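This report covers the strands and the nonpolar cores of one chain. Please look over the sequence and the structure before reading on.

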Amino acid sequence: MKQAVIDIGSNSIRLTLYAVEGRNFNILFREKIMAGLAGYVERGALSGEGVARAKSALLEFKRTLELLDIHRVAVIATASLRNVTNTDQAVRELQQATGFPVTVLSGQQEARLGYAGAMEELHLKSGVFVDVGGASTEVVAFQGGQVVDSASFAVGSLSLYRTCVKKILPGPGSLERIRHTLRREMDEKGLDPKEKRSPLVGVGGTARAVLKLARQRFDLDGDCRTVTRAQLEELVNLLTQGEREAAGLILKTAPDRIHTLVPGLMVLVHIIKAFHADELVVSRYGVREGYLCQMLQ
């Protein structure tokens, strides 16, 4: 059978279509729309324009799926709808407009499903998982193949950009505001590593964009999925020292993330330092695959 999963994120809305046989699956194709819903939050609520933006993306995906005669569709939402004050109203409007049931994941659900999805590919026994989204970051520490601790933080690449950065790329003042926000929201609210955990397993658009950036900068093999801590720190130094070089590198590799890549990279570096991890391993799978596996149980 074929199963579609749509993920309404704070930065992008993504469709993945799977071929499923039993509990096994293969990805047939992926599409994304950079909706930037975190930019449509006004006084804590997702604005009417933001809801309309989400509707438009879902209806575009619906037309695609109808052309392919795909009828099994699951729609999930993360911080994009979880962290607003009008969640129920927004969900109701999206469901009425599209006919798709929408499931809003809690922060803990998102963290654990993202971890489960990544482990479908990587099968690692120990380390720390991270998913840097547009408006939240999920972290899961695991040991012996079991979750030790998990947390969701209300900071992400797009929300950091909106609250801390005045231009397209952050200057010295913006960088300090980002660092202060990460210390306040992560270190003081639960990110308290008790021991070294490595590797750092990254999923999501930020992690994939950072991997592309590292491949370009360090001439890594196209199949490489690993970036060392030293390479991540070098990327941060490069992207925060000179706007021209930074903009050129980002535009070559991830132009749709020109404004969010530096804040997202800083979140990854903050976490890799906190857990004293040696490297970042980027998984192809994440929360959508974790949700699919839960459906197939």
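## The first strands

Two strands count as paired if DSSP finds at least two bridges between them. The model described here is predicted. β1 and β2 are joined by a hairpin, with 4 residues making the connection. β1 spans residues 2–8, and 7 bridges tie this strand to β2 in the antiparallel sense. One of the partnerships is between Asp7 and Arg14, the latter in β2.

β2 covers residues 13–21. Is this strand mostly covered or mostly open? Mostly covered: of its 9 residues, 7 are buried. β2 also pairs with β3, residues 24–33. The two run antiparallel, joined by 9 bridges. Leu15 stands opposite Glu31 of β3. Another hairpin links this pair, with 2 residues between β2 and β3. Gly22 sits in that turn and has a positive phi of about 65 degrees.

## The six-stranded sheet

An open sheet is built from 6 strands. Their order is β10-β9-β8-β11-β13-β12, and the pairing is mixed. Which strands stand at the edges? They are β10 (146–153) and β12 (226–228). Each has a single partner strand, so one side of each lacks a neighbour in the sheet. From one strand to the next, the twist averages 20 degrees.

β9 runs from residue 137 to 143. This strand pairs with β10 over 7 bridges, in the antiparallel sense. Glu138 has Ser152 of β10 as its bridge partner.

## The nonpolar cores

The largest nonpolar core holds 53 residues. Leu200, Leu239 and Ile271 have the most contacts inside it. Which elements give two or more residues to this core? Two are strands, β8 (127–132) and β13 (279–282). The others are helices: α5 (157–164), α6 (172–187), α7 (205–218), α8 (229–239), α9 (243–253) and α10 (261–274). α10 gives the most, with 9 residues. Both β8 and β13 belong to the open sheet.

Leu239 falls within the range of α8. Setting aside neighbours within four places in sequence, Leu239 is in contact with Leu213, Ala246, Leu249, Ile250, Val262 and Leu265. Apart from this core lies another, of 28 residues. Its members include Ala4, Leu15, Val75 and Val102. Leu15 is also the residue that stands opposite Glu31 in β3.

Technical notes: Residues numbered from 1 in each chain as written. Predicted model: local features only at pLDDT ≥ 70, side-chain atom pairs only at ≥ 80, totals over all residues. Heavy atoms only, no water. Core = buried A, V, L, I, M, F, W, Y, C linked by side-chain atoms within 4.5 Å. Buried < 20%, exposed > 50% of the residue type's maximum accessible area, 1.4 Å probe, protein only. Contact = heavy atoms within 4.5 Å. Axes fitted to C-alpha atoms, helices over the stretch in contact; angles between N-to-C directions.
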